[in-house]
Amino acid sequence: MIKAFNNVLLVVKQTPYESYMQMKNQGKAPVALRWERLLNRFQVHQKCVSSVEQVLKDCGIRYHRLGREELHRGMVQDRDLVIAVGGDGTVLNTSSFLDDTIPVLGINSDPTRPEEQGVTNVKDERRSRGALCAISANNLTEHLPRILYGDISPGLRARIQCVVRSTYTETRLPPALNDILVSHPSPAAVSRFRLALGRGNVSPGYKTDMSVEELFSFNVWSSGLWICTATGSTAAMHAAGGFTMDIRSRNLQYMVREHLVEETNSHQRKAGHGIIRPDEMLSLRWSSQHGCVFVDGSHFRHELELGDELKVDSHAPFLRIFDPIPEKKIGSHLVKELGNLI
């Protein structure tokens, strides 16, 4: 059989057990840690990684393994597939280094066990959700060879492009697959900024010849601003009260967090949550002394100063990612019986 991929990069997350062991060796580990549970999660993860490597060897695939914290842009050059083993965080971190030429495959190394599906009183609720992972430790031996031989193809997901202009510099942030959060570094502080939405000849960066019609512009006092893709619309945005979007949509969704607005100002309240279409761009001028842009979680952050300007649109390179493959579920009668036993 002809293989679809021949040079794979295997990115593996560092588990909490490994991180806390390093702290323990330095005498800094929290006293309340449950080492037995952490060790169990580590062992489950390691077993999954070993299974992935065995499948790659059995299929004759050349690969290189490295830790998630070791990943940099040079490591993905000349690769035709990147496999991220861990959870959604590992997929998000890995995808930030990829353009639209190299697909990424997420493998959930510690998923909910089949016997726990539908059970409300589970023993361990800390397993990875794996919403961005195509397969998991439960079914990788079945589906990973199919992916490696090209029986399953990746889909395209839109991402967020964000450009920050300061007094002397212009910075293009890594593309966001899920969302970005613009806020004050302290959650107790007010985030002040001017928000505007424009439509027209939208293009990356700050070009003086852009012809954009301003749809609205107003000052905001709030807890910050969420901006998400269709992929991220089921994550933090949904928890904040946003709506779920079609996974293939190129539109973005934005929402002002805890918008401080007068009851009589219905226009600002309504404009504080909406859609950014492909021909539109959201602009923001930061008006607080300190601020941050968080890209796909807390691992990447860009510091903001008073007067910094942001341009946000959906013109980042698409991400080629394998969509989740549904797992087989056990019978409801067995789930009920197991629920009574747990």
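This section describes a helix pair, two buried threonines and the cysteines of a predicted model.

The first topic is the packing of helix α1 against helix α2. Helix α1 spans residues 16–25 and helix α2 spans residues 35–58. The axes of the two helices come within 8 Å and cross at roughly 130 degrees, so α1 is oblique to α2. On the α1 side, the contact is made by P16, Y17, E18, Y20, M21 and K24. The α2 side contributes W35, L38, L39 and F42. Sorted by class, the contact of α1 with α2 comprises 8 nonpolar and 2 charged residues, with no polar residues.

The second topic is helix α3, which covers residues 88–95 and holds both T90 and T94. T90 has a relative accessible area of 1% and is therefore buried, the limit for this class being under 20%. T94 is likewise buried, with a relative accessible area of 1%. The two threonines are linked by a short polar distance: the backbone oxygen of T90 lies 2.7 Å from a polar atom of the T94 side chain.

The surroundings of each threonine were also listed, leaving out residues up to four places away in sequence. T90 touches V11, K13, R68, A84 and V85. T94 touches V11, L71, V82, A84 and V104. V11 and A84 thus appear in the contacts of T90 and in those of T94. R68 and K13 are among the residues touched by T90, whereas L71, V82 and V104 are among those touched by T94. In addition, T90 and N108 are separated by 18 residues in sequence, and their C-alpha atoms are 9.4 Å apart in space.

The third topic is the cysteines. The structure holds 0 disulfides. For C133, the closest cysteine sulfur is that of C48, at 9.3 Å, which is too far for a bond, because a disulfide requires sulfur atoms within 2.5 Å. C133 is buried, with a relative accessibility of 4%. C228 also counts as buried, at 0% relative accessibility.

In summary, helices α1 and α2 cross at roughly 130 degrees through a contact that includes 8 nonpolar residues. In helix α3, T90 and T94 are buried, and the backbone oxygen of T90 lies 2.7 Å from a polar side-chain atom of T94. C133 and C228 are buried, and the structure holds 0 disulfides.

Conventions. Residues are numbered from 1 along each chain as its sequence is written. This is a predicted model: local features need pLDDT of at least 70, side-chain atom pairs count only at pLDDT 80 or more; totals for chains, interfaces and linings use all residues. Side-chain values use heavy atoms; hydrogens and water are left out. Axes are lines fitted to C-alpha atoms, for helices over the stretch in contact, and angles run from 0 to 180 degrees between N-to-C directions. Helices (H or I, at least four residues) and strands (E, at least two) are DSSP runs, numbered from the N terminus. Angles under 35 degrees count as roughly parallel, over 145 as roughly antiparallel, 65 to 115 as roughly perpendicular and the rest as oblique. Contact means heavy atoms within 4.5 Å. Ala, Val, Leu, Ile, Met, Phe, Trp, Tyr, Cys and Pro count as nonpolar, Asp, Glu, Lys and Arg as charged, and the others, Gly among them, as polar. Buried means under 20% relative accessible area, exposed over 50%, partly exposed in between (1.4 Å probe, protein chains only). A polar contact is a pair of N or O atoms within 3.5 Å; within protein, one must be able to donate a hydrogen and the other to accept it, and residues adjacent in sequence count only if both atoms are side-chain atoms.
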